[in-house]
Amino acid sequence: MVTQVTKIVKCATKVFILLLNMSFWKKVCYELDFQNISRKELAYKNDVPVATINRAIERNSNPYAIDALRISKVLGVSLEYLLEMPQSENKESDLSQNENQQLELYKKYHAVIQTLESLPLGKQKTALKIVEQCGELGK
């Protein structure tokens, strides 16, 4: 069972690496879809008109720092992730950059991993196939 979960995590990591190459607004759209948050709700929580969010996404314009910070807080993700910057120095500073990225991915998706661990082996295999297909779509 651990082998299946390891394969799922490896495959999911490939998908997440694709996220690292996305622009700020593409990542925001991905997170909105993933978390089932509407643009309208994001705009409301950031105290801006939804048209402002829509325009920024359409133009792929760079957000003001305060707006980027507010958006990251609403989405519950790091500003560094949204801005494609390396994570801030922290207590794991002695880890390699790759290990830090893997740690951040685990922190973000540990609930998914736990859910997969709780599934019967057959359903784990099905989930693995779905994740692998998602990875193939991103190539």
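Buried means under 20% relative accessible area, exposed means over 50%, and partly exposed lies in between. Keep these cut-offs at hand for the exercises. The model is predicted.

**Exercise 1. Survey the chain.**
Task: State how many helices and strands the chain has, and what share of its residues is buried.

Solution.
Step 1. Count the elements. The chain has 8 helices and 0 strands.
Step 2. Read them from the N terminus. The order is α-α-α-α-α-α-α-α.
Step 3. Turn to burial. The chain has 139 residues, and 29% of them count as buried.
Step 4. Look at the surface. Its accessible area is about 9,400 Å², and carbon and sulfur atoms hold 56% of that.
Step 5. Check the contacts. Take those with a separation of 6 or more: 64% of them join residues 24 or more positions apart.

**Exercise 2. Find the salt bridges.**
Task: The structure holds 2 salt bridges. Name the partners of each, and classify R70 as buried, partly exposed or exposed.

Solution.
Step 1. Recall the cut-off. A side-chain nitrogen of Lys or Arg must lie within 4 Å of a carboxyl oxygen of Asp or Glu.
Step 2. Start with K45 and E41. Their side chains form a salt bridge at 3.0 Å, N to O.
Step 3. Place this pair. Both residues lie in helix α3, residues 39-46. They are 4 residues apart, about one turn of the helix.
Step 4. Classify them. K45 has a relative accessible area of 48%, so K45 is partly exposed. E41 has 31% and is partly exposed.
Step 5. Go to R70 and D67. Their closest N and O atoms are 3.9 Å apart, and they form a salt bridge.
Step 6. Place this pair. R70 and D67 are in helix α5, residues 65-75. They sit 3 residues apart, so about one helical turn separates them.
Step 7. Classify them. R70 is at 39% relative accessibility, so R70 counts as partly exposed. D67 is at 24% and is partly exposed.

**Exercise 3. Sort the two sides of α3.**
Task: Decide which residues of α3 are buried and which are exposed on the other side.

Solution.
Step 1. List the buried residues. They are L42, A43 and N46.
Step 2. Ask where they point. They cover an arc of only 100° around the axis, so they lie on the same side of α3.
Step 3. Turn to the other side. There K40 and Y44 are exposed.
Step 4. Find the packing partners. The buried residues of α3 pack against α2 (24-35), α4 (50-59) and α5.

**Exercise 4. Explore the cores.**
Task: Say which residues of the largest nonpolar core touch the most other members, and which element gives the most to this core.

Solution.
Step 1. Begin with a general point. In soluble globular proteins, nonpolar side chains tend to be buried together.
Step 2. Look at the largest nonpolar core. It has 16 residues, of which F24, W25, V28, I71, L75 and L82 touch the most other members.
Step 3. Name the elements. Those that give two or more residues to this core are α2, α3, α4, α5 and α6 (79-82).
Step 4. Pick the main contributor. That is α2, with 4 residues.
Step 5. Find the second core. This separate core has 5 residues, including L116, A127, L128 and V131.
Step 6. Zoom in on W25. Leave out residues up to four places away in sequence. W25 then touches I53, A56, I57, N60, S61, P63 and I71.

**Exercise 5. Inspect two loop residues.**
Task: Locate D47 and N60, and classify each by accessibility.

Solution.
Step 1. Place D47. D47 follows α3 and lies in the loop between α3 and α4.
Step 2. Check its backbone. D47 is not a glycine, yet its phi is positive, about 60°.
Step 3. Classify D47. At 72% relative accessibility, D47 counts as exposed.
Step 4. Place N60. N60 is in the loop between α4 and α5.
Step 5. Check its backbone. N60 has a positive phi of about 55° although it is not a glycine.
Step 6. Classify N60. At 41% relative accessibility, N60 counts as partly exposed.

**Exercise 6. Spot a surface patch.**
Task: Name the residues of the nonpolar patch on the surface, and classify L69.

Solution.
Step 1. List the members. Y64, I66 and L69 form the patch.
Step 2. Give the area. Together they have about 330 Å² of accessible area.
Step 3. Place L69. L69 is in helix α5.
Step 4. Classify L69. With a relative accessible area of 32%, L69 is partly exposed.

How values were computed
Residues are numbered from 1 along each chain as its sequence is written. This is a predicted model: local features need pLDDT of at least 70, side-chain atom pairs count only at pLDDT 80 or more; totals for chains, interfaces and linings use all residues. Side-chain values use heavy atoms; hydrogens and water are left out. Buried means under 20% relative accessible area, exposed over 50%, partly exposed in between (1.4 Å probe, protein chains only). Patches are made of residues with over 30% relative accessible area and no salt bridge: like charges are joined within 9 Å, nonpolar side chains (Val, Leu, Ile, Met, Phe, Trp, Tyr) within 5 Å. Accessible areas come from the Shrake-Rupley method with a 1.4 Å probe; for residues, only the protein chains shown count as cover. The arc is that of the directions from the helix axis to the C-beta atoms. Contact means heavy atoms within 4.5 Å. A nonpolar core is a set of buried Ala, Val, Leu, Ile, Met, Phe, Trp, Tyr and Cys residues joined through side-chain atoms within 4.5 Å.
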